[in-house]
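Hello,

Here is the structure we talked about handing over. Please have a look, then read the notes below it.

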Amino acid sequence: GTHDRAVGRTINLGFGSEVTIAALASLVAAAVGRPDATVVHDEGRPGDVLRLYADMSQARALLGYETTVTLADGLSRLLAWYRSQAASPEELLRNEVVRNWESAPQGAAREGA
């Protein structure tokens with residue numbers, strides 16, 4: 001095939017630039033129509049990675065990969081998908097784990113269980 005050189009390699013796919021959590025929170029707030037929302041900073045999680053950047057040079061060289069969707073547009077598309085679901089926001093969030101290092105609430109579905 002045209003991408004045989006990529007077989008067996010680990011290739012990063014991502015946006016191609018870093019974004020701070022504060023900037024991401026602002027983009028999410030804007031996507032949901034709440035640009036003036038207050039962001040609450042919570043404690044870090046054990047083992048949190050402080051910085052992450054997906055080097056996409058191999059994806060470009062081996063696959064010709066380039067991002068075509070901005071982060072803001074991707075968030076808007078994700079919001080549209082959530083809104084298209086039959087479940088209410090409360091139902092979708094019922095089993096959401098806010099702090100994944102703590103025990104899940106009783107009765108909550110656990111991934112991989």
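**How α1 and α3 pack**

Start with the crossing: helix α1 passes helix α3 in a right-handed sense. Keep in mind throughout that this is a predicted model.

α1 covers residues 21–31, and α3 covers residues 71–84. Their axes lie 9 Å apart and make an angle of about 50°. An angle that is neither under 35 degrees, over 145, nor from 65 to 115 counts as oblique. The two helices, α1 and α3, are therefore oblique to each other.

Which residues in α1 and α3 meet? From α1 come Leu24, Leu27, Val28 and Ala31. From α3 come Leu71, Ala72, Leu75, Ser76 and Leu79. By type, the residues of this contact between α1 and α3 are 8 nonpolar and 1 polar, with no charged residue.

**Val32 and Leu79**

Val32 sits in the loop between α1 and α2, where α2 is residues 57–63. Is Val32 buried, exposed or partly exposed? Its relative accessibility is 39%, so Val32 counts as partly exposed. Val32 and Leu79 are 47 residues apart along the chain. Their C-alpha atoms are separated by 7.4 Å. Leu79 is also one of the α3 residues in the contact with α1.

**The chain overall**

The chain has 4 helices and 0 strands. In sequence order the pattern reads α-α-α-α. How much of the chain is buried? Of its 113 residues, 8% count as buried.

Now the contacts in the chain with a separation of 6 or more. Of these, 82% are between residues 24 or more positions apart.

**The core and the segment before α1**

The largest nonpolar core has 5 residues. They are Ala6, Ile11, Met56, Ala59 and Leu62. Setting aside residues up to four places away in sequence, Ala6 touches Ile11, Leu62 and Leu63. Ile11 and Leu62 belong to that core as well.

Arg5 is in the segment before α1. Its relative accessible area is 57%, over the 50% cut-off, so Arg5 is exposed. What does Arg5 contact, leaving aside its neighbours within four places in sequence? Arg5 is in contact with Ala61 and Leu62. The C-alpha atoms of Arg5 and Leu63 are separated by 8.8 Å, with their positions 58 residues apart along the chain.

Leu62 is a good residue to find on screen. Leu62 is part of the core, is touched by Ala6 and is in contact with Arg5.

Best wishes

Conventions: Residues numbered from 1 in each chain as written. Predicted model: local features only at pLDDT ≥ 70, side-chain atom pairs only at ≥ 80, totals over all residues. Heavy atoms only, no water. Axes fitted to C-alpha atoms, helices over the stretch in contact; angles between N-to-C directions. Left-handed = near helix turned anticlockwise from the far one by under 90°. Contact = heavy atoms within 4.5 Å. Nonpolar A, V, L, I, M, F, W, Y, C, P; charged D, E, K, R; others polar. Core = buried A, V, L, I, M, F, W, Y, C linked by side-chain atoms within 4.5 Å. Buried < 20%, exposed > 50% of the residue type's maximum accessible area, 1.4 Å probe, protein only.
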